[in-house]
Each structure stands twice: as structure tokens, then as C-alpha cells.
Amino acid sequence: MDRAVLSQDKSGERIVPTFCAMCGPLAACGINAMVRDGRFVGVEGMREAPNQGRLCPRAFAAPQWVYSPQRLTHPLRRVGQRGEGKFQRIGWDEALDIIANRLVQQKQEFGPESLGILASARRTYADYMYRFLMAHGSPNYGHSGICAQQKRFGFNYTLGMAPVPDLARSNLILVWGKQPAFSGAPGGQLKAILDAQARGAKVVSIKPSMEPDVALADMWVPIRPGTDAALALAMLNVVINENLYDADFVSRWTYGFDRLEAHVQQYTPQWAARITGVPAEQIVQVARLYATTKPACILHGNGFEHAPGCTDAIRAVAILMAISGNLDRPGGDLFPAGSTMPAPRGVHLRERYTPEWVDKLLGPEFPKPFQPNVEGTSSAYYRLLESVLTEKPYPLRTIIAPGTQPVVSTRGSKNVMEALKKVDFFVAINVMQTAEMDYADVVVPVATMYECDHPFEAQDRWIMARNRVIEPLGDYKSDYEFWLDLGVKMGYGADFWDGDIEACMNYQLEPFGMTLEELRRHPTGIVYDPRPMVYEKYAQVFNRPSPRLSKAPFLPQSKVALYNTTLEEHGFNPLPEWREPPESPTATPELLERYPLILSDYHTSKAYNASWLRNVPYLRELLPHPTLQIHPDTARARGISDGDWVRVESPHGTMRIRAEIFPGMRPDTVMALHGWWQGCAELGLSDYPLLDGGANTNNMYSVDPAKAYDPLVTAMSSQTLVQVSKEP
Amino acid sequence: MGKQVGFYLDLDRCVQCHACEVACKARHGIELGITWRRVVGMWVGQYPDLVNRTITFSCMHCGEPSCVDACSSGAITKRAEDGIVVVDRVECIACGACAEACPFGVPQFGQDGIMQKCDLCVDRLAQGRQPACVETCPSEALRSGTMEELSMVAQARPLAGPTQPSMWVVSDKWSVLEPVLPWKSDHPAS
């Protein structure tokens, strides 16, 4: 840490080692933040961190984000009508008093479960929200239903654990529903794929459009959005019928092969070709290539989690990994060995879960028998909002939304907006103005992580203290301090270190035998040794206990669950099957005349995170306008040229968006980027409408409870049918 | 003449992430609307048989820089010690002749009207460090060094042109990409 130890270089710049925070608070890339005259002026990558000095474009734009004119600098109380945007400035203490008083009153009148907290993607403040909910008495942590937990559920209950691909030693890598270039690239996965190709490994990319990383693959499988399960089931059909599986592994370590074999006979490549849009010959080719190239691995991404067939797609993929003989073998799909780093002491209060607690869940994200799941008990984010409208099984009375923007983050935007208008009490917590902040009763600003000296972050085998780059720019504290302070106001101080954030940090560091100040003496943190890798840990992994209250193992037979008796016991199909999106060419052919094209969306882009960062000029320059990627022929047939404003209409909503002629798009599909609403004043770009006529893809999809959800993990469909026309 | 410093780009590793472009902008405090480094996608073929590659390029510090010849005020010079082409922003008279002369569209003019472009982070090179764009590249597609060092990299070929750009390129698809390089033709670019 040559530069940070110097701390003050000759030019008068102070250099502060810390974490990049453009993906939010988590053990992100290590950076050296540069400060001149008390101002945060620049960022460089930290060589000692896992990112080895590399950063993505977002990292460099951090000063523009921190000093953005859209920053919230002091708490606000609504004084006008909902949506009117009239607020009165209040202090931090007053804001917390208002929230605490309302929660106390509602707890008495409606019960504590009338509080719901909406979670963003998992960040390190998540367990503080869980802790607060536990102290308060509500199980209603609102988890997105499209996050890594959806995949993890399918892997856990099929393989006992979610494996990670051994990219460095594989000879064939399937990159499936994953965006390794725009998401987390500095972490090294992207480089590992490219290095594997450089030594002769082949890469097959399974995604609907030819994004830049797809273009570098050896083979592209241009699949229709949301049909991954159909492809995986047909691959199983080929691998099993052509005897390309590892018979020894199957007989020793799997349960129910005969029934799987009989079940997949219906999923022929010809059947899947009609659904996926991938030619049957290519399906056969990919299946054979995968099963005969040793070793092979699968790099799977969030793409799976945006379809109602999510769990069965993952189960089918997990079964492919297992029967092909690639599970926990060099170059295959590994069960990580972990490291010698201790786990920080958790703040979640898991030990307090009871059956009654689970039973109170308002809209379980996973069925109640599978709660708590890995991250704790959870209700589905959208179902919490919907409860305000349906009042079934009971309505939420308070919604707290920290670091998340409901109207642009989850499906059913029109219903979400109605729920925010109707709910008794809505609190928005953020660093920046949000899409629906005008509907909040109280707005609580929080510090960016560049203004915080906590929390420390631990990941894999690296632990490092977060250092404060600049003093807070307004009357606010951190997300973490918010929950401690609110806990104290509510009378839960004993569970919240009486509001002492440093005591809270030191509590978590106990297993390390050091305090936060002692950890801070290691400017670039501490790296622990990896545990030596042991392969084929089947006896160990196939016996892992699940996080359910019973602690029953994920795999009751201690074997890979090809035929899943656990799911069967709770009324779900023991074998993976195909479930259509709410609208698709094969599910609803009657809609094709009016809506002939498939619409889906990307959640990751080169410039942004989800619905954030559009107001950062250096990033907005990269992708200035919301665009609809459309094949040249599809555009030409509609008289659409590159850059034209077009109207996109689905059975559920409309968008006004610019056409981007994109040669690497399926001709029957159009794709947009999720999360558009925010303008960028520096570039003269205004905010977009949140609902019809804006650029919000979430407004376009079905939220029909019978069709839009995966029945096990509530993954929500990001597919519909649309018509696209040039704006007159 | 001494050594020549330049760039190397493996187009079969570039994923169009734009980290190089924004690292450059942040490092040099470049105003909005101006980029010293451009990241451009190129398409050849028809769905589904497509070639798509991305080129990232800045000033290529040419061996025979046409901008230097075109500059009547003597503001643009090629450094003897490393061949880096630099602009003296005090001497520049904002005539725009360099932009006319450059085949790559490199010289740019911001609000002050004075020519600006990549200086290969000469201050960082002097400290023994890499340019900001190279240091951050997550896929290790972009490198810099002396042209002699970079020539050692397997399969690298010089980017041909009358001004002798100081840039080595690598791609299995180079023969189909060369006709559609961004300064050569109109084509869908991203």
C-alpha cells in the first residue's frame, strides 16, 4: 500500500484507501480516493484488493455522484398532498421521532407485522433491517424476487449448494443468462473467461442478444427471453437419450434417474426449438458439446431469475452439471472450499425465528415450509406493495424504502404507484432524490459510503475497514446509524448497542479478535489464506442442513435430487417442467397479430446500476437516452430509423423510447434497459414519466398472480409481447 | 530519433465497458461533450452470423503526425524522447487545421476553443506508471509501452496508415474489421 501509507503526496492530495460505493455498500472493489482541499476529487484502483487496481467506468464518476445537485441534504416532512412535492425541512432527530411515533401507534393498533421494509439488492445494511424487523416483530422483509436467492434456492434443493464455475481450468464455459462484462468485471471473472479462451477453451454464450461479451464467444445461442428452462430440458433429453452422461456418478450420487429419464422424453429438441427460437440442430449441438467436452462448467447469471420458470430452469441446469460429471471436479462446477477467514458475528438475530413468525409472513417470497431461507424470512417485494391495495391477507400500514425505488424497481408500476398513494405511511431513505419521493411522508437522507467510516467489509478472504473520504455534506448519518438510532427511539436500544455504531462494529469483529480501530491500522485490509481445495466433497455437501426451522438437509437422500421428494412433499412438481411467461409466441399466439414482438429488458448496462446513476454526467454521456434495441429488418418493416422516437405498446402499458438499430438482436425480439426515469440536468435531459409514455419497462409486464410468478421463488416475468411503431 | 511510445489493443478481449474512456475523462477533468478516448462498436454480417468487435482509440501519437505538419503556430509537437505528440495550449490559435489533417478525428475543441487530446498521461509515465486508460482495463485488452515492447506480443500487427499510427492491434477478425473501422465508413456504431 505504498501510496496510501504515504497518505499525503507531494501535490497536497490526501489518499484514502476505501471501497468503491457506486454499486452500493458492500465489499466492492478497493479504491484509493483522492482528496484535495477537503474535496473528493478522484479515484484510482487499489492494487492490493481483489480487483488488482482495475475499476469499471462507474468508479471514476464517483465525485460527480457525491456532489450531485440531486443529493438529499436534510430530512424532509411532507406538507402538501401526496405527489405534490411540498416538503418542510426538519432535523434528523425530528424525522426519527415522527417515524417512531407512527410505528408505535401502528404496532398497538394493527400489530407489528403491519410494517414492511423494502430491500434493494442485498447490501451490507440488509441485516440491520432484519434486526430492526425482529426487534419490532414483523417478518415482512421485502425481497425483490429477482435476486441471486432465486437461483440459489434451485441449486440448494437440487445439489445442496450453488456451485461456482472453475473458469481457470475448464475447456468449455457456458455463459448462460449472465453479463460478465458490464457487471463486476474488475472482480476478475471477465478476465478469467478471456484467459481461458486464450489457452484454447471454448465459450458458448446463451443470451437473447449479441452484447459485446457474446460477440467474443465461440458460439452464440440466441435464445428467446425467458425460455431457458425449455432449452435446459431439451439438453437433458439429448444428454440422456444419447447416453452422454456420467453413468458412474449418476448411479452413486443421484436420486431418481429413471423417473427423470422418462420425464424428459417429452422435451425433444424440436419441441424446444418452437419455444426457444433456437434451431433444433443447434440445441443438439450444444448439448453434445457440453456433455462431451471435459471438463465443462456453467457461468449462470440473473437472467434466469426474470421468468416464471426460474426454479425449473435452475434445477435443469443443476442436473446437467451433475449428470455430465462436472460437479466439484477440476474445471467443472465447484463447491467452494472457503478460506481461513473467520465469519464476522452476525447482527441478524436469526436465533429468534419461530413457526409463529413464519406464519405471519404477508406474501412469502418462498413458500412458508421453506422459510426462513438463506437470507432470512422474506415476503416478496411486489406482494408487500400489492397488499396495500388488496388488503389480503392483511395490509401493510407503513412502507420503508431504503435505497430502493419501488415504482421503477419492481413489476406492476401502476399498482405500485397506487399502493404508495394509499398506504398510511411511507418513508423514503436515500442519498439522492428518488422516483417516488414526492409520495413519501418523511424523506430521510443518508450518507454516501464516501462519507462514512463504517462498516468494515468482509468477503471471501479479504476484510478491510472503510475509511471516510470526506465529511458528510448535509444533516444526515449512514444507513447503519439510521437503524441504530430508530431502534433506540423505539425502545429497542438493548438490541441496538444503545445507538453506538462503533460498539456495533466491534461486536461483529469479535471472531477476529480485534476492534475496528485495530483493523483500520491495516490500510488495505487483511487477506487470509484460502483453504486447500478438496474435490468431490459429495458426502459433505449433499448432507448440508437447510436454513429452515427444522434444519432438515436440503437433500433428504444425501444425493443430487433429480427427482425431488422435498418439493413433492409440499405440493410442487418433483421433476423440472416448462412454464410459459404470461405472454409469448407459444403461450398466447392469439396476441401475435396485435403484439407481434417479444419484449424483455436488461438489468445491467455499461453505465448504470438498475434504476440509479442516470444523473451522473460522465456516465450519462455513455448511454444518454433510453433505447429499444431492434433488428434492422424489424425496424425497416415499420419505417423506423436509428434514433427515432418510437411507441412500444404491450397489453399492460406503453413506453416512449428511442430506436437503436441493433444487428445482434433476434428479429422477433426487442430489448430495452430497465430503470429509466431520472434526468441529467448537466446534459439538459429531463426526467421521464414513471408510468405510460415513459421509459419504464416494469410498467409493461403482467403481474397476474396465476401467470407472472415462479410458484416456488416468486421470480417475476420480464417478458411480454409488444407492438412497436414510429412516433408520428 | 528515440523510442516511440504507443498503444496495443486486443480487439478479441475488449468488451466495450468504457472504463478506459471514463478513467481518462476523470483523470484529466475533461468537460462534458469531449472525449479523448472513444469506444466504438463495429458490426459486420447479418443475424445470426455476425462479427461484432469494439475499438477503443485516442490520439495514436503517429510516427508521421499530419497534425504537426498542419499546425501553423507550432503548438503541436512530437517529443523527441518518446514520440508522444503534445499540444501547447498557450501556443494553439484554435484554427482547427489539425482536426482537418488528422485521419482519425482526434483533435477536439471544448468551450475554450483550444485543441485538446490524449497526452498519453505523460505525467504518469514519468512516475513509471501506466496511462489511466490502460491501468483500469478489466479485460487487459489495452496496453501501452514502447512500440518495440508491444511488437513482442503474439500476433500483433501495426495499425497501417500513411501517418504511421503508434498502435498495435490484434484480432482473429481483423480482415473483416479493417474496412469498417470508425474513421473509414458509415456503419452502426455504439
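User: Which residue takes a positive phi just after helix H7 of chain A?
Analyst: This is a predicted model, where local features need pLDDT of at least 70, side-chain atom pairs count only at pLDDT 80 or more, and totals for chains, interfaces and linings use all residues; side-chain values use heavy atoms, with hydrogens and water left out. Residues are numbered from 1 along each chain as its sequence is written, with chains lettered from A and ligands numbered from 1 in the order in which they are written. Helix H7 covers residues 189–198 of chain A (helices are DSSP runs of H or I of at least four residues, strands are E runs of at least two, both numbered from the N terminus). Just after H7(A), the positive phi of about 110 degrees belongs to A:Gly200.

User: Which strands are among those that cover the buried residues of H7(A)?
Analyst: Residues A:Leu190, A:Lys191, A:Ile193, A:Leu194, A:Ala196 and A:Gln197 of H7(A) are buried (under 20% relative accessible area; exposed is over 50%, partly exposed in between, with a 1.4 Å probe and protein chains only). Their cover includes, in chain A, strand E9 (172–176), strand E10 (202–206) and strand E13 (296–300).

User: Over how many bridges do E9(A) and E10(A) pair?
Analyst: Strand E10(A) is largely enclosed by the rest of the structure, because 4 of its 5 residues are buried. In the pairing of E9(A) with E10(A), A:Trp176 stands opposite A:Ile206. Pairing takes at least two bridges found by DSSP between two strands. These two pair in the parallel sense, and the count of bridges is 5.

User: How many residues of helix H5 of chain A are buried?
Analyst: Helix H5 spans residues 126–136 of chain A and is mostly covered. Its buried residues include A:Asp127, A:Arg131 and A:His136. Of its 11 residues, the number buried is 11.

User: In what order do the strands of the open sheet of 3 strands in chain A stand?
Analyst: The pairing in this sheet is antiparallel. Strand E1 (14–19) and strand E3 (39–45) each have a single partner strand, so they stand at the edges with one side left without a neighbour in the sheet. Strand E1(A) pairs with strand E2 (residues 30–36) over 6 bridges. The order is E1-E2-E3.

User: Which residue of E2(A) stands opposite A:Pro17?
Analyst: Strands of a sheet pair through backbone hydrogen bonds, either parallel or antiparallel. E1(A) and E2(A) take the antiparallel sense. Opposite A:Pro17 in E2(A) stands A:Asn32.

User: Which residue's backbone oxygen does the side chain of A:Asn467 reach?
Analyst: A:Asn467 sits in the loop between strand E20 (462–464) and helix H19 (479–489) of chain A, and at a relative accessible area of 13% A:Asn467 is buried. Beyond four places in sequence, A:Asn467 is in contact (heavy atoms within 4.5 Å) with residues including A:Val16, A:Cys452 and A:Arg520. Its side chain comes to 2.9 Å from the backbone oxygen of A:Pro17.

User: How far is the sulfur of A:Cys452 from the closest cysteine sulfur?
Analyst: A search over all chains finds 0 disulfides (pairs of cysteine sulfur atoms within 2.5 Å). A:Cys452 is buried, with a relative accessible area of 1%. The closest sulfur belongs to A:Cys504, and the separation, too far for a bond, is 13 Å.

User: Is A:Asp37 buried or exposed?
Analyst: A:Asp37 is in the loop between E2 and E3 of chain A. Its phi is near 50 degrees, a positive value in a residue other than glycine. With a relative accessible area of 77%, A:Asp37 is exposed.

User: What is omega for the cis peptide bond that joins A:Lys294 and A:Pro295?
Analyst: A:Pro295 is in the loop between helix H13 (280–292) and E13 of chain A. Another cis peptide bond joins A:His454 and A:Pro455, with omega about -5 degrees. For A:Lys294 and A:Pro295, omega is about -15 degrees.

User: How many contacts beyond four places in sequence does the model have for residues 1–7 of chain A?
Analyst: Chain A averages a pLDDT of 96, and 98% of the residues score at least 70 (pLDDT is the predictor's confidence in each residue, from 0 to 100). Over residues 1–7, pLDDT stays under 50. For that stretch, the number of contacts beyond four places in sequence is 16.

Notes: A polar contact is a pair of N or O atoms within 3.5 Å; within protein, one must be able to donate a hydrogen and the other to accept it, and residues adjacent in sequence count only if both atoms are side-chain atoms.
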